[in-house]
There are 2 protein chains.
Amino acid sequence: MIALEQMKELAISSPLKIVMLIIDGIGGLPDPKTGKTELETANTPNLDHLAREGICGLVDPVSPGITPGSAPGHLALFGYDPFKFDIGRGVLEGLGIGFDVKDEDVAARGNFCTVDDSGLITDRRAGRISTEKCVELCELLSFVRLDDVQVFVLPLREHRFLALFRGEELSPEVTDSDPQRIGSAPNVISATSPEGKKMAGLANQFIDTAKEILSRHYPANMVLLRGLSQLPHLPKFSEIYKLDPAAIAAYPMYKGLAKLVGMRIIETGNSPGEECATLAHHYNEHDFFYVHIKQTDSAGEDGDFDRKVRAIEEVDNALPSLLDLKPDVIIVTGDHSTPALLQAHSWHPVPFLLYSKRCRPDKVTEFSESACVLGGLGRFPAVDIMPLAMANALKLTKFGA
Amino acid sequence: MIALEQMKELAISSPLKIVMLIIDGIGGLPDPKTGKTELETANTPNLDHLAREGICGLVDPVSPGITPGSAPGHLALFGYDPFKFDIGRGVLEGLGIGFDVKDEDVAARGNFCTVDDSGLITDRRAGRISTEKCVELCELLSFVRLDDVQVFVLPLREHRFLALFRGEELSPEVTDSDPQRIGSAPNVISATSPEGKKMAGLANQFIDTAKEILSRHYPANMVLLRGLSQLPHLPKFSEIYKLDPAAIAAYPMYKGLAKLVGMRIIETGNSPGEECATLAHHYNEHDFFYVHIKQTDSAGEDGDFDRKVRAIEEVDNALPSLLDLKPDVIIVTGDHSTPALLQAHSWHPVPFLLYSKRCRPDKVTEFSESACVLGGLGRFPAVDIMPLAMANALKLTKFGA
């Protein structure tokens, strides 16, 4: 991949527009009965048309064999080396619920857990308490007061919560309290650098107070914190690519990731049709649009092959309104595969298509995993997508003379 | 590629089993008469069946255009960057003859050579003396005594030998005596760090004594040493992948390489049938098996196209007993190509197949160079094979959230 510093040197502004349509988890595995994947089963005349006019390939989000989470998957799509730029677990949970994490905040992923009389962990998930119970306990913990620092305790799903510390001179350079195993006591949080000292003390104070408050709430009678982190300092899209980018995404995680790289977040309904309408409405305002479709991934995670097929068809149905805008460069791919058969993100490479007047079309006539194998772009890492998009939008000058 | 440190974080243990079948030098070039390579000429119904059920591709052992030796070829197969992990020539010769090289030993590759009356090299290979003569001369040199250090002088082929120094505080940080050209005197070995001082002195002492002993053995009247080296410190398979690996290989070089990465070496007969029987016998004892087939490479090196075809067919005949074990992940490839037409290792990418229930099958229906070009894995570097194998055996957790 080209280094971001190098990209900054080459990028120029142009009036041409790029639309990056991310169909989350679009890659799949074949249904043993039919031998066809979700995408191959779906009726997708519009995606097939784009594949026929454009150039296709298969993308490795992170590296062959590696199953990416949404954060590294998206960093790579946006051109950031996901091994180099790390988003801490605490911050990620904050983005996931749309909490307005500030630069100085330190966020931690929390678990309600069970400890026995001698303080040893017997269940790291407190018997997976209900989300309702979690909401109730988080309200109790919101009463914790720590000197000059504000604490936000926000429920996630089941036993999971977000603990966010807001104050001055907080550093994420501290260890976890979660020992990641049962039979041990929670670890005392310690600083991994002199800067982390204040944060370590506050976090331990929070945990001690939480323990008191929770003492009568067995099985959720203790908390574990991990992944204490601050917002990563990512160079912005405007700096690297000289783009004025916007994100059309309905789910907090993706809005959060887009915000990290400096995109304007446009509010939208969450169906593919509504997202395309949002795009049309704001099309004159930006030169780069990231459009995120969630339903495909959710269906894959639920192991619902048919629902994923329908979600793909819904995207295809919405596509004409996007094509009517005549973007100069259209990219369609995913941040990873989510085969319904595995009910999870997977390592399988993701079908990719790029349409522009300046691409070198291949012989692919449909948008599918097996067709993309023979695409003109071959198999390539996701970090190369942005340079390709930029080139096709005439936004990159020559490298060297 | 993913860094080994990162792999350590992601790897988890699972009961699933991986078999990596390495058919040494399997890639070839077409016979001009038929237009078919050795693999395309061979009748291989079982390999073709695996290719049909699995996913194929073409592997670059080290980098496009680069012809690998067995050591870098195998390091890459095992997931170690062959540009980063270097095995010194001396150590490699030791592994090649199955000498039990110890951690503290310094091994050197030796050449018998010819020098004239003024000590200038006239032939770096002493007229390629016979291996019998080499054996005889090595016996003479075995009488060299060096203070508190033991010297082993062991014959290799023709003018080549292994000189191995065993003692305390020996360091490989020394230069070569072999100037790699005629018309010069051999170089005096010097230390490249303070630690190398003792070793340099001993090596020069060995060379001086050898010169005296050999003075009446023209044309082999002098020795050249190069590649003085110690066993490399490779992180072990158990640490990186959390695997309990075993090697089924009949030839010393491959047993040596497998031992370096922490595999248990299982003794075996050297035919494909015997190796598969050995695999079956020990199948319950490990979760990863590296099985090495040598005959294909030997036939290629000898330029014997037909013998290489037969060697491939012999592997195919033995395959059903391997398939009966129902490994969860099966990989078939080579450490490099050895086209009979070139009578040597070559740079051509190597046919690759991976079979697992979780792979995304492609349209390849036979295992051959030309079919693998269109395989679903495309063309990829050998260091990505282990991550793929691990993913398909559900031995990798998600990267990031």
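In this predicted model, B:Lys242 lies in the loop of chain B that runs between helix H8 (237-241) and strand E8 (245-248). The backbone of B:Lys242 has a phi near 55°, a positive value in a residue other than glycine. Is B:Lys242 buried, partly exposed or exposed? With a relative accessible area of 37%, B:Lys242 is partly exposed, because that class covers values from 20% to 50%.

A positive phi is also found in chain A. A:Glu169, which is not a glycine, has a phi of about 55°. This residue sits in the loop between strand E6 (160-166) and H7 of chain A. The relative accessible area of A:Glu169 is 64%, and A:Glu169 therefore counts as exposed, since the limit for that class is over 50%.

Other backbone features concern proline. In chain A, the peptide bond from A:Tyr218 to A:Pro219 is cis, with omega near 5°. A:Pro219 belongs to the loop between helix H7 (197-214) and strand E7 (222-229) of chain A. In chain B, the bond from B:Tyr218 to B:Pro219 is cis, with omega near 10°. The loop that holds B:Pro219 joins helix H7 (197-214) to strand E7 (222-229) of chain B.

How are the two chains placed relative to one another? A turn of 126° and a shift of 0.4 Å along the axis lay chain A on chain B with an RMSD of 0.3 Å. The two copies are thus related as by a three-fold rotation axis. The copies use different surfaces, for 3% of the contact residues of chain A recur in chain B.

The next subject is the interior. Which residues touch the most other members of the largest nonpolar core? In this core of 66 residues, they are B:Tyr80 and B:Phe237. Helix H14 (residues 385-392) of chain B supplies the largest share of the core, with 6 residues. Beyond its neighbours within four places in sequence, B:Tyr80 is in contact with several residues, among them B:Leu4, B:Leu75, B:Phe85, B:Phe237, B:Ile240 and B:Val383. A second, separate core has 54 residues, including A:Phe78, A:Tyr80, A:Ile87 and A:Ala247.

From the cores, the description turns to open space. Rolling a probe the size of a water molecule over the atoms shows where empty space is left. The second largest pocket has a volume of about 860 Å³. Its lining is made up of 23 residues, and those nearest the centre are B:Ser70, B:Glu93, B:Arg157, B:Met253 and B:Lys294. Helix H4 (70-77), helix H5 (89-96), helix H9 (252-260) and helix H11 (295-301) of chain B each give two or more residues to this lining. H5(B) gives the most, with 4 residues. By character, the lining of the second largest pocket consists of 10 nonpolar, 4 polar and 9 charged residues.

A final example comes from a loop of chain A. A:Ala250 is placed between strand E8 (245-248) and helix H9 (252-260) of chain A. Its relative accessibility is 23%, so A:Ala250 counts as partly exposed. Apart from residues up to four places away in sequence, A:Ala250 touches A:Lys255, A:Thr268, A:Gly269, A:Asn270 and A:Glu275. A:Val59 is 191 residues from A:Ala250 in sequence, and the C-alpha atoms of the two are 24 Å apart in space.

Conventions: Residues numbered from 1 in each chain as written. Chains lettered and ligands numbered in written order. Predicted model: local features only at pLDDT ≥ 70, side-chain atom pairs only at ≥ 80, totals over all residues. Heavy atoms only, no water. Core = buried A, V, L, I, M, F, W, Y, C linked by side-chain atoms within 4.5 Å. Buried < 20%, exposed > 50% of the residue type's maximum accessible area, 1.4 Å probe, protein only. Contact = heavy atoms within 4.5 Å. 1 Å grid on protein atoms, 1.4 Å probe; cavity = no way out; pocket = protein on both sides within 12 Å on 5 of 7 lines; lining within 4 Å. Points joined across faces, edges and corners; volume = space filled by probe spheres on them. Nonpolar A, V, L, I, M, F, W, Y, C, P; charged D, E, K, R; others polar. Least-squares fit on C-alpha atoms with pLDDT ≥ 70 in both.
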